[in-house]
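Student: I would like to learn how to read the features of a model like this one with some care. Could we take them one at a time, with the general idea before the case?

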Amino acid sequence: MGIRRHIPNALTCCNLLCGCFATVFSKAPSLALMFVLIAAVFDFLDGLAARALRVYSPLGKDLDSLADMVSFGVAPAVVGFWYVAGLTSAASDSGSSFLGYNWLWALLPLLLAVFSALRLAKFNNDNRQKENFIGLATPSCAILFIALICCMPGQVIDFTPHSSLSDSTLLSWGRWYCWLPVVAVPVLCWLLVSRIPMFSMKFRNLSWADNRVRYIFLMIVAVEAVMAILGGFSFPTLIVAVLTTYILVNLLLVYSCKPKRTVSD
């Protein structure tokens with residue numbers, strides 16, 4: 001075995017390190033998103049390496065969950081905390097006392113860390129999630145949430161932490177869409193621990209019959225990518241569109257698979 005058995009754990013530690021960087025740069029959502037995306041790549045590679053090298057261990061499983069907790073639980077929660085703190089400050093400057101002086105709103109995104117921990121604990125003790133997922137995976141949740149924040153005014157181009165949040169005319173209650181990340185928090189928390197089956201992008205083979213949903217989803221993503229390029233939309237906007245589509249497709253699958261009730265005479 002030698003050094004081979006340490007390769008997956010080394011990749012997991014890279015995931016953890018990226019999560020730490022994302023937390024450090026949590027006041028700059030664009031930078032945090034970049035590190036979380038890199039962490040997701042390492043999270044994919046460590047599992048791929050473990051399967052390819054056939055090196056599994058309880059240590060690797062626990063380490064993977066701990067790394068995911070930092071990268072996809074703590075990091076997005078802290079990014080959300082600073083973003084909402086800036087929103088409430090701007091709302092205070094614009095005269096909205098209900099939202100402006102209630103700093104407890106900034107604590108709401110921290111629930112993402114709590115529900116991510118619950119999600120990871122359930123995943124480790126659920127043998128049904130080997131091929132697909134039950135509930136939204138923590139990497140998807142973290143990437144979607146931070147990307148949504150990056151889509152808000154002043155968060156994509158300017159890397160200075162929240163330089164635009166002091167502008168009360170920009171981030172006031174009148175700009176209601178700036179509060180979409182706040183509204184998204186309880187929805188994402190519910191999706192993390194829900195019992196909704198969600199397909200993974202693991203291809204066991206290339207047949208259409210076995211991967212029909214995956215192929216259809218990839219075709220939709222390709223169309224969204226072309227539209228984003230032609231329309232000049234930002235990369236975070238494309239991420240939000242893709243992951244929102246992923247969630248909606250899974251919800252539609254659940255609804256369409258429900259048995260229809262028949263009314264008997």
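Tutor: Let us begin with the classes used for pocket linings: Ala, Val, Leu, Ile, Met, Phe, Trp, Tyr, Cys and Pro count as nonpolar, Asp, Glu, Lys and Arg count as charged, and the others, Gly among them, count as polar. By these classes, the lining of the second largest pocket has 12 nonpolar residues, one polar residue and no charged residues. This is a predicted model, in which local features need pLDDT of at least 70 and side-chain atom pairs count only at pLDDT 80 or more, whereas totals for chains, interfaces and linings use all residues. Residues are numbered from 1 along each chain as its sequence is written, and side-chain values use heavy atoms, with hydrogens and water left out.

Student: What volume does the second largest pocket have?

Tutor: The search runs on a 1 Å grid over the protein atoms alone, where a pocket is an open set of points with protein on both sides within 12 Å along at least five of seven lines, and lining residues have an atom within 4 Å of a point. Grid points are joined across faces, edges and corners, and the volume is the space filled by probe spheres set on the points. Here the second largest pocket has a volume of about 300 Å³. Of the 13 residues that line this pocket, the closest to its centre are Leu144, Ala184, Val187, Thr244 and Ile247.

Student: Which elements give two or more residues to the lining of the second largest pocket?

Tutor: Elements are DSSP runs numbered from the N terminus, with helices (H or I) of at least four residues and strands (E) of at least two. Those that give two or more residues to this lining are α6 (138-150), α7 (180-193) and α9 (235-257), and α7 gives the most, with six residues. The protein chain as a whole comes to nine helices and two strands, which run α-α-α-α-α-β-α-α-β-α-α from the N terminus on.

Student: How should I read burial, and what share of the protein chain counts as buried?

Tutor: Buried means under 20% relative accessible area, exposed means over 50%, and partly exposed lies in between (1.4 Å probe, protein chains only). Of the 265 residues of the protein chain, 44% count as buried. Pro186, found in helix α7, counts as partly exposed because its relative accessibility is 47%. Arg195, by contrast, sits in the loop between α7 and β2 (197-198), and it counts as exposed, at 78% relative accessibility.

Student: Which residues show that positions separated along the chain can be compared in space?

Tutor: Pro186 and Leu108 are 78 residues apart along the chain, and their C-alpha atoms are separated by 8.5 Å. Arg195 and Leu136 are 59 residues apart in sequence, with 9.1 Å from C-alpha to C-alpha. For the chain in general one counts contacts (heavy atoms within 4.5 Å), and residues 24 or more positions apart account for 74% of the contacts in the protein chain with a separation of 6 or more.

Student: How many disulfides does the structure hold, and why is Cys20 without a bond to Cys18?

Tutor: A disulfide is a pair of cysteine sulfur atoms within 2.5 Å, and the structure holds zero of them. The sulfur of Cys20 is 9.1 Å from the closest cysteine sulfur, in Cys18, and is therefore too far for a bond. Cys20 is partly exposed, with a relative accessible area of 36%. Cys151 is likewise in no disulfide, and the nearest cysteine sulfur, that of Cys150, is 7.0 Å away. Cys151 is partly exposed, with a relative accessible area of 26%.

Notes. On a 1 Å grid over the protein atoms alone, a cavity is a set of points where a 1.4 Å probe fits but cannot get out, and a pocket is an open set with protein on both sides within 12 Å along at least five of seven lines; lining residues have an atom within 4 Å of a point.
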